Every structure is written in structure tokens, then in C-alpha cells.
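Here is a structure to look at with a few questions in hand, each asking what lies behind a term used to describe it. The answers follow the questions in turn.

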Amino acid sequence: MVLAGHEERVVEQVAKRLFIGGEWRDAASGGTFKVEDPSTGSVLCEVANAGTDDAFAALDAAVRIQPTWAKHAPRERGEILRRAYELLMQRQEDLALLMTLEMGKPLAEAKGEIAYAADFLRWFSEEAVRIEGGFSISPNGQARFLIMQQPVGPSMLITPWNFPMAMGTRKIGPAIAAGCTSILKPAQQTPLSALALADILREAGLPEGVLSVLPTTDAGGVTEPLLRDGRIRKVSFTGSTTVGRKLLEQSADQVLRTSMELGGNAPFLVFDDADLDAAVDGAMQAKMRNIGEACTAANRIYVQAGIAPRFAERLSERMGALTVGRGTEEGVQVGPLIDGKAREKVQHLVDDAVNRGARVMVGGGPDEGAGYFYRPTVLADVPQESELSSTEIFGPVAPIITFETEEEALADANDTEYGLVSYVYTRDLNRAFRVSEGLETGMVGLNQGIVSNPAAPFGGVKHSGLGREGGQVGIDEFLETKYVGIGGV
Ligand code: NAP
């Protein structure tokens, strides 16, 4: 259990202002907005509320330093990231508490996210010195090709509330490593983790203006004028498909480079030949990581008829045994949803499935008291046409849909506009390859319930997005290829 004094101290320590050009500033308008604790509904603090003038001040700073920053030695850029990695890990406990307070996830998970977030900085500290080009001879032998990689330039980074630290470092890490300046607009529900990260990067030696952070309640007012300005060259967004589409439209004006990590609707396939224990463990991870509020969350659990009743029973036992409560309390495994609207949406999806014939095995409704708690829920015999089959649930609800054949499972799994991740449990090697190849998603968890890893290329296809974050290709999103043709050799 965390003492109230400690909670106050970690909130107190964060600079609740805008970070622009290496300085902490109030908003030009003087405005602030409130940050809430979703486990109590009470106000944690107020934070400066950026507007369009602040956005242009950040852009001016980013543009001014971009040429110098691009020439900064890659090793030094990497070492700044490495120091920031170490600082994050040294302060893991306090940063985790801060995240739990503003976002709600249990402390153990928040600690896990700090380590995951820090790891992006470590990974890209190593990638900064591995930006390579190429040299070749033209096919007719008369010219030489020199290929170089250069930073894209000032970048707009927009992140969601569900992973307040990791979604920031997954973008800031490669931007810094590649030599891009950037402006981060965090989600309005979770600005504190982003501000703490900015301070750590400053302490790690990041030069002034390389990163600005603009918390705001006017997302469009801060980002759209910058995307249309012409000096921003790239937008990297993580969030819903609806907002991603809007940003793609806005980016068309100036033909910006874009990376879009959008919504998911992950199918989780369990075949009769699967290791049942492993499949239930995997489903718990894929469903319950982050209270179900993850783009990678198992949204539709397809189980082959032969093991569906046993799977549903085992999953219900595990889900029913989870402890729901404030994330700061000892032993809590499931925190609150982010807000009242999110909880209403989850309830609506459960009611719709039940009205269509689904059976509630466990849970099925909100938890008592203040805060936006929802009980871990398992629904069995869910009809494929239920609304939740086509909608991101974003909550602790596991719908089980029964299937007969591999072909049917694959067709149903792919019957969605989304294509971020899918999960497959089988011990049949041929089936594992066949199904992995047939799934229309950017990632597949084969006999594992978690795919996120800084060293792997994370991203989706179809309406789940464009581009990849992490892995060896993560830095490419912030680099332009230039080819120099050399004649007269
Ligand atoms: P969201 O509503 O799309 O918001 C994401 C970010 O975009 C927030 O910072 C938000 O600011 C900002 N935003 C909203 N409207 C905007 C506009 N008109 N112009 C510019 N920025 C705007 O998504 P969310 O509810 O925070 O996050 C959940 C979604 O993110 C889910 O769909 C989830 O699947 C997706 N997600 C995807 C990944 C991935 O890697 N593929 C990872 C995590 C989450 P405000 O906070 O002010 O609204």
C-alpha cells in the first residue's frame, strides 16, 4: 500500500508546465486544466494548457535547432538516450506511482511499463550508431550510387493515455537517435508521465529545443496548424483509427511522412490441439494486460468446439479470481477504466452481446464505489455478429466465440477492418505456419500472449496503421533516403 504522502510527493515533483525550447513555461494564455485520478474521480493537480501560440513557439525552437541537431555525433545522441534509460530505471518506483495515479493501472503493471518504456531508449541508444547507407556501381558501369540516410526533420508526436510513458519513448527514442527534433503532444488524461520524461531527457543532456512537450485540452488547435505549416516534416501518431484518419488528411496538405499506430481488434485463436493451460495463460495476458485497455488486447477469443467449454470454465475461474481496486493497493490486479464514458461503452457492448444470446460466465457489470471500475467478465457463446466483434472493447471483457474448422476461424478472424495483432494457440506445426501466414495482421503471437518488445517491429496493416515502431526498422520512420549519383568515374 502506498502512503498518501508519497502520492502527493510524486505529483508535486512534476513540473506542471509546458516544456518549450528547453524551458518550463506557463501557457501563453495562462490557462491550466485538471488531471484526474480515475480510481477516485478526484483531481490530482492542474497542468498548463497549451494553445496555438505555444505550439508555434515549440515549432520555432524545433526548426531553429534541427540543422545543429542533425549534425550532432550519433554516439552522443545515443549516450543521451542511454543516460535517460538509466534515469528512468533509477526512478522506476516513483514514475510507476505517478502513472498509476493518472492512468489507473496497478503499480506492478506501471513498473513494467516504465521498464518497457526505458527499454525503447536503450534500444535506440544502440541504433543511433548503426544508421547505414550504401554504395554500388550502376548496371552499365558508368556511374556510382552513394546512398545516405538523413533525419526527416522536425516531427510531431501524438500519444494516447493507455501507455503514457512507453508510447512516448517509442517515438522519442528513434527521433533522437535519427537526429530529428520533435514536439510531443501527450493525451490530456495523462500529461504527467510525459512531463516527467521531458525532465529526465533534459537531465540526461538533451540540448534545448530538441524536444518540446505540450499538454493541452485542444489537441486539434495545437497540432493541426503545425501539420499545415510546412516546417513540420513528419507526424507519428498512436491512437484511434478515427483520429488517425483525420491526421492523414491534414498531413496530405504538406505531404508529410506519417507513422500511424491505430486501433486493434485482435482475434485470439485456440485450436483443439493447443496446450490448454498455456492458452488460458496467454488469454489472461492478451486480455488483461493494462485492464484490457490495450490496442493489442484480445478482443475476440475464437475457441474450437472440442475444448470451448473447458476453456471457458478455466478462463472464468481465473478472471473471477482477479482483485479489482485502486492500483496503489497491495495485491490489486485490475484498476479502473480511464473514465465514465469508457465504462459506459464497455457495458453497452456486454449488453448487446447478451441480448444476442451470449452467456455471462463471470462479471458482467461495473464495480461499486467511486472510480470507473468494471468487473473482469467472460462471455461464452458470443454470436459473431455481436457489436463487440467489430468494436474495440478496451476493457476487461473476454468474449468467447466457438468455431468448428480452421477455415471458418481464419475467415472470422480476418473479418474486420483492423489488422494489428492476432494470437494463435496450436501444437500443430503446419497449422501454425498456415494460420500465421493467413492472418491479415502486422503481428502474430504464436503460443504467446504478448508481442510488445522494443527489439521487434510493432505495427499493423489495414485500418490499424502505417509504419513500424521498434526493431531495426523503427529508426527508418525518422530517416529519409538520399541517393547521390556519381558520374565521370
Ligand atoms: P485518441 O482519442 O485517438 O487519442 C490519441 C491522441 O490523439 C491523444 O493525445 C488525443 O488528445 C489526440 N487527439 C484527439 N483528437 C485529435 C485531433 N483532432 N488532432 C490531433 N490529436 C488529437 O485515442 P485514445 O482514446 O487516447 O487511445 C486509445 C486508442 O489508441 C485505441 O484505439 C487504441 O487501440 C489505440 N492505440 C494504438 C496503439 C498502437 O500501437 N497501434 C497503441 C496504443 C493505443 P486528447 O487526449 O486531448 O483527446
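Q: In what sense do β6 and β20 pair, and over how many bridges?
A: In this predicted model, β6 and β20 run antiparallel to each other and are joined over 8 bridges. Two strands count as paired when there are at least two bridges between them, and β6 and β20, with their 8 bridges, therefore qualify as a pair. One of the residue partnerships between them sets Q150 against E480 in β20.

Q: What makes β5 and β6 a pair?
A: Strand β5 is joined to β6, residues 144-151, by 4 bridges, and the two run antiparallel; since at least two bridges are needed, β5 and β6 therefore count as paired. Among the contacts across these strands, F135 has L146 of β6 as its bridge partner, while S136 stands opposite F145. The two strands form a hairpin with 6 residues between them, and G141 in the turn has a positive phi of about 80 degrees.

Q: Why are β5 and β20 said to stand at the edges of the sheet?
A: The sheet is open and has 3 strands in the order β5-β6-β20, paired antiparallel. Strands β5 (134-137) and β20 (479-486) each have a single partner strand, so one side of each is left without a neighbour in the sheet. From one strand to the next the twist averages 20 degrees.

Q: Why is the pair of F19 and W24 called tilted?
A: The structure holds 7 aromatic pairs. For F19 and W24 the ring centres are 4.7 Å apart, which is within the 6.5 Å limit for a pair, and the planes stand at 45 degrees, neither under 30 nor over 60, so the pair is tilted. Both F19 and W24 are buried.

Q: What makes the pair of W161 and F394 edge-to-face?
A: The ring centres of W161 and F394 lie 5.8 Å apart and their planes meet at 90 degrees; that angle is over 60, so the pair is edge-to-face. This pair links distant parts of the chain, 233 residues apart, with W161 in the loop between β7 and α6 and F394 in the loop between β15 and β16. W161 and F394 are both buried.

Q: How do you know that the charged end of K234 sits over the ring of F478?
A: The charged end of K234 is 4.9 Å from the centre of the F478 ring, which satisfies the requirement of being within 6 Å. A further case is R170, which lies over the face of F458 at 4.2 Å from the ring centre.

Notes: Residues are numbered from 1 along each chain as its sequence is written. This is a predicted model: local features need pLDDT of at least 70, side-chain atom pairs count only at pLDDT 80 or more; totals for chains, interfaces and linings use all residues. Side-chain values use heavy atoms; hydrogens and water are left out. Axes are lines fitted to C-alpha atoms, for helices over the stretch in contact, and angles run from 0 to 180 degrees between N-to-C directions. Rings of Phe, Tyr and Trp (its six-membered ring) pair if their centres lie within 6.5 Å; planes under 30 degrees apart count as stacked, over 60 as edge-to-face and the rest as tilted. Buried means under 20% relative accessible area, exposed over 50%, partly exposed in between (1.4 Å probe, protein chains only). A charge sits over a ring if NZ of Lys or CZ of Arg is within 6 Å of the ring centre and within 35 degrees of the ring normal.
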